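Okay, thanks for making time, everyone. I'll walk you through one structure today, so have a look at it on the screen before I start talking.

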Amino acid sequence: MGSGHNEWCFPRSGGDEVTDGFKRRTPSRWGEGGVLREEILAAAARLLAESGREGDLSLRAVAREVGISAPSIYLHFEDRAELVSTLTRRAYERLVGDLRAARERGAVDGPRAGLRAMTRRYCALALDNPRLYRLMFGIERIEVPREELASHPLWWVAEAWHDAVAACRPGAAEEPGDRRVAKLLWFSLHGVVAMALSTPFQVDRQALEEMADDLLDLALTR
């Protein structure tokens, strides 16, 4: 499986100093507001991954983590909901981009090989980036109406799996069962990697890949 990517990390800002027990961030120079925005997102990601509860995240805590005053966050995000939404959207965008790229590379040997490459990449991303994976799939979220599913970035992940599964079936017309099979494959893979991440033992990556291959074969046996 592949190694992790730097852009999947939660880097801490450099150049900070601690005064009276509080971290003070070195002020950005003119035109570097985007840097602070990224630091805010990274800090929110770290706090969410550590607490495991979206409801526990506060802008005051994020500001303290970055080393700025809480009102400074409002220059970049309207409220906590927008901060979390931006963070969530970015995480899923990266996941979907990686999965689709893996599928495209593998698909030179056919659609089934493309889907196999996608399943293995999913497992690799989870193992190489456990904090980010937890951020996407292990956080206790604030519940939203199911009517918002189609506009939620989680739908992008579901669509990536559906497209890959549908491509493995002969014929151009979509079958109702494709989405069910795609969900079963994705949810089963999630269960496998979640168990691997929760045990105190070193992960046998080869065994995990073989299990992912078995799930794929079972899912496409229709």
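I'll go from the overall fold to the core, then the aromatic rings, the pocket, and a few contacts between distant parts of the sequence.

So, first thing to say: this is a predicted model. The protein chain has 222 residues, and buried ones make up 40% of them. For secondary structure, we've got 9 helices and 2 strands. If you read from the N terminus, the order is β-β-α-α-α-α-α-α-α-α-α, with the two strands coming ahead of the helices.

Now the core. How many residues does the largest nonpolar core have? The count is 57. The ones with the most contacts inside this core are Ile40, Val62, Leu115, Tyr122, Trp161 and Leu185. As for the elements, those giving two or more residues are α1 (33-51), α2 (59-66), α4, α5, α6, α7, α8 and α9 (205-219). And where does this core sit relative to the domains? Domain 1 (32-74) and domain 2 (87-221) each contribute residues, so the core lies between them. As background, nonpolar side chains in soluble globular proteins tend to be buried together.

Keep Tyr122 and Trp161 in mind, since they come back with the rings. The structure has 6 aromatic pairs. Take tyrosine 92 with phenylalanine 137: that's an edge-to-face pair, 5.8 Å centre to centre with 65° between the planes. Tyrosine 92 is in helix α4 and phenylalanine 137 is in helix α6, so this pair ties together parts that are 45 residues apart in sequence. Are those two rings buried or exposed? Tyrosine 92 is buried, at a relative accessible area of 3%, while phenylalanine 137 comes out as partly exposed at 22%. The cut-off for buried is under 20%, so phenylalanine 137 doesn't qualify.

The other pair I want to show is tyrosine 122 with tryptophan 161. Their ring centres are 5.6 Å apart and the planes sit at 70°; edge-to-face means over 60 degrees, so that's the class this pair gets. Here tyrosine 122 belongs to helix α5 and tryptophan 161 to helix α7, so the pair ties together parts 39 residues apart in sequence. On accessibility, tyrosine 122 is buried at 0%, and tryptophan 161 is buried at 0% too. Both of them are on that list of residues with the most contacts inside the core.

If you follow the ring pairs along, they link up into a cluster: Tyr92, Tyr122, Tyr133, Phe137, Trp161, Trp186 and Phe187.

Okay, pockets, since I know somebody will ask. The largest one has a volume of about 1,000 Å³. It's lined by 29 residues, and the closest to its centre are Tyr92, Val144, Leu149, His152 and Leu154. So yes, that's Tyr92 again, the ring paired with Phe137. The elements giving two or more residues to the lining are α4, α6 (130-137), α7 (154-167) and α8 (176-198). Which of them gives the most? That's α4, with 5 residues. By class, the lining comes to 17 nonpolar, 6 polar and 6 charged residues.

Last bit: some residues that are distant in sequence and what they end up next to in the fold. We can start in α4 with threonine 88, which is buried at 11% relative accessible area. Its C-alpha is 7.0 Å from that of methionine 136, with their positions 48 residues apart in sequence.

Then there's glycine 110, in the loop between α4 (80-106) and α5 (111-128). This glycine 110 is buried, at 18%. Going C-alpha to C-alpha, glycine 110 and cysteine 168 are 8.4 Å apart in space and 58 residues apart in sequence.

Towards the C-terminal part, leucine 208 lies in helix α9 and is buried at 6%. Leucine 208 pairs up with alanine 124 at 9.5 Å, C-alpha to C-alpha, across 84 residues of sequence. And in the segment after α9 we find leucine 220, which counts as buried at 16% relative accessibility. The C-alpha atoms of leucine 220 and valine 181 are separated by 7.6 Å, and those two are 39 residues apart along the chain.

That's my tour, so over to you for questions.

Key: Residues numbered from 1 in each chain as written. Predicted model: local features only at pLDDT ≥ 70, side-chain atom pairs only at ≥ 80, totals over all residues. Heavy atoms only, no water. Helix = DSSP H or I, 4+ residues; strand = E, 2+ residues; numbered from the N terminus. Buried < 20%, exposed > 50% of the residue type's maximum accessible area, 1.4 Å probe, protein only. 1 Å grid on protein atoms, 1.4 Å probe; cavity = no way out; pocket = protein on both sides within 12 Å on 5 of 7 lines; lining within 4 Å. Points joined across faces, edges and corners; volume = space filled by probe spheres on them. Nonpolar A, V, L, I, M, F, W, Y, C, P; charged D, E, K, R; others polar. Phe/Tyr/Trp six-rings, centres within 6.5 Å; stacked < 30°, edge-to-face > 60°. Core = buried A, V, L, I, M, F, W, Y, C linked by side-chain atoms within 4.5 Å. Domains from an automatic or database assignment.
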